[in-house]
Number of protein chains: 2
Amino acid sequence: MAAKPNKPDVAARAQLVEAEDRFIASWGRMGSVWGISRTMAEVHALLYITGKPMCTDEIMDRLGVSRGNVSMSVRSLLEWAVIEKVRLPGDRKEYFQAEQDVWAMLRAIARERIKREVDPLLDALDEIDQLAPQASKHSPEEVRDLQQRIEAVRDGFGVITTLSHKFAGPRGAGLQTAAKLLAKAPIGRAKKHPSKRKENRA
Amino acid sequence: MAAKPNKPDVAARAQLVEAEDRFIASWGRMGSVWGISRTMAEVHALLYITGKPMCTDEIMDRLGVSRGNVSMSVRSLLEWAVIEKVRLPGDRKEYFQAEQDVWAMLRAIARERIKREVDPLLDALDEIDQLAPQASKHSPEEVRDLQQRIEAVRDGFGVITTLSHKFAGPRGAGLQTAAKLLAKAPIGRAKKHPSKRKENRA
DNA sequence: TTGAGTTTTCAGTTTTTTGTGAAAACTACT
DNA sequence: AGTAGTTTTCACAAAAAACTGAAAACTCAA
């Protein structure tokens with residue numbers, strides 16, 4: 001809105017938008033793999049990649065989704081605390097802006113996922129454990145086996161949870177450092193030839 | 001099939017089955033959060049929690065799903081390498097048995113998830129990077145910002161990937177130990193009063 | 001208090017995912 | 001080769017999830 005560039009390097013701008021769109025599409029695909037809606041992920045991607053605050057209408061136009069959908073996606077993202085509301089002086093609309101620190105963002109995502117994935121399972125295991133022992137007088141071996149297996153799962157997830165909380169918790173800057181230390185060859189680091197790095201993942 | 005217990009402690013057995021069912025249900029719910037089908041997760045849960053090899057018909061009966069569905073779920077689980085085929089002598093049917101080592105199981109799950117979630121994103125980011133730079137002569141700042149953001153995401157996921165591979169890779173026993181060391185108070189460890197542990201997750 | 005601008009809600013619709021069941025394919029034995 | 005037991009495939013059905021759009025609710029300045 002500020003100014004149309006007088007030198008309309010149209011091709012360059014188009015390519016920028018193209019790159020953005022690709023990023024949005026990829027992030028959106030991830031979203032569906034993670035169990036959040038494609039749109040929600042796309043909104044987040046859009047706000048992150050452009051970096052600037054956007055209002056509902058801009059988001060609708062850019063992503064081609066309905067007002068209702070944007071409203072719901074934005075609400076979830078606010079709950080996740082990966083975007084925030086900003087008010088522009090002299091404008092009644094609400095604008096939204098993404099968390100720009102990737103690690104903070106990743107922590108927020110991790111936190112939500114743990115909340116939704118791991119914690120409920122641990123709670124369920126607790127309940128089940130309270131259910132099973134009552135039978136233990138009668139058929140000892142089977143019950144013991146059952147409990148051992150449940151216990152094993154619980155320990156496993158427990159370790160993961162504890163560890164994750166250290167990363168995802170409010171005081172959770174730690175893992176970034178820890179991770180970088182643990183990872184001998186952190187990541188290709190290629191400044192201009194990123195394709196080489198692919199071997200790391202084959 | 002071996003023998004009906006002459007003392008039919010019916011109530012005890014019912015409770016055992018009840019506990020199993022609850023475990024299966026919880027695990028199944030997790031499955032849908034992880035982006036695998038509920039049935040696939042349930043089949044896995046059933047095989048893990050009972051520990052014994054089961055054939056298609058037993059699974060169908062116990063979970064109340066169709067033959068086709070069991071066949072497909074089992075195939076995926078075999079691909080994930082969290083269950084294996086066993087042949088019982090003198091029986092033409094195929095039986096399936098779950099990996100009983102929880103850490104091996106968790107690693108297998110993690111491995112698949114990384115493959116499906118992180119790797120595709122990193123690949124996409126590589127592609128996008130190749131797209132964006134071509135515009136750099138014309139509108140430097142915006143392009144630079146875009147590339148920085150993409151790079152930041154890539155670094156973040158890169159670190160996570162590297163770290164995860166150390167855990168999930170074939171030589172990946174490491175994290176269990178690392179995790180236990182890192183986690184000061186590893187996990188409540190309550191032998192008989194597990195409910196106390198809940199505070200760790202509030 | 002009004003009303004224009006804006007956001008939220010939600011019943012109904014569309015899209016996507018998952019599950020079924022029966023036919024086809026496979027397997028091992030005779 | 002024939003065949004009975006078993007598994008796989010896949011067109012279609014059912015269920016779940018996501019999305020739309022318009023009405024209702026909200027907000028704030030006048």
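Modeller: Let's begin with a sorting rule: Asp, Glu, Lys and Arg count as charged, Ala, Val, Leu, Ile, Met, Phe, Trp, Tyr, Cys and Pro as nonpolar, and the others, Gly among them, as polar. Keep in mind that this is a predicted model.

Biologist: Thanks! How many residues of each class make up the surface near DNA strand D?

Modeller: There, nine residues are polar, seven are charged and two are nonpolar. For the surface near DNA strand C, the classes come to eight polar, seven charged and two nonpolar.

Biologist: Which residues are closest to DNA strand D?

Modeller: We call a residue near a strand if one of its heavy atoms lies within 4 Å of it. DNA strand D is surrounded by 18 residues, and the closest are A:T39, A:S66, A:R92, B:R75 and B:E94. Of the atoms of DNA strand D that come within 4 Å of the protein, 60% belong to sugar and phosphate.

Biologist: And which are closest to DNA strand C?

Modeller: Here 17 residues surround the strand, with A:R75, A:E94, B:T39, B:S66 and B:R92 the closest. Sugar and phosphate make up 59% of the atoms of DNA strand C found within 4 Å of the protein.

Biologist: Now I'd like to place these surfaces on the fold. Which helix gives the most to the surface near DNA strand D?

Modeller: That is helix 4 of chain B, with five residues. Helix 2 (38–50) and helix 4 of chain A also each supply at least two residues of that surface. Turn to DNA strand C, and the largest share, again five residues, comes from helix 4 of chain A. Chain B contributes there too: its helix 2 (38–50) and helix 4 (67–80) each supply at least two residues.

Biologist: How do I read a polar contact, and where is A:R75 in relation to DNA strand C?

Modeller: Look for a pair of N or O atoms within 3.5 Å. In the case of A:R75, a side-chain N or O atom is 2.6 Å from a phosphate oxygen of DNA strand C. A:E94 uses its backbone instead, with an N or O atom 2.9 Å from a phosphate oxygen of that strand. From chain B, a polar side-chain atom of B:S37 lies 3.3 Å from a phosphate oxygen of DNA strand C.

Biologist: Which side chains should I look at beside the phosphate oxygens of DNA strand D?

Modeller: Try A:S37, which has a polar side-chain atom 3.3 Å from a phosphate oxygen of DNA strand D. For A:R38, the corresponding distance is 3.4 Å. Then find B:S71, where a side-chain N or O atom is 3.2 Å from a phosphate oxygen of DNA strand D.

Methods. Residues numbered from 1 in each chain as written. Chains lettered and ligands numbered in written order. Predicted model: local features only at pLDDT ≥ 70, side-chain atom pairs only at ≥ 80, totals over all residues. Heavy atoms only, no water. Polar contact = N/O pair within 3.5 Å; in protein donor to acceptor, adjacent residues only side chain to side chain. Helix = DSSP H or I, 4+ residues; strand = E, 2+ residues; numbered from the N terminus.
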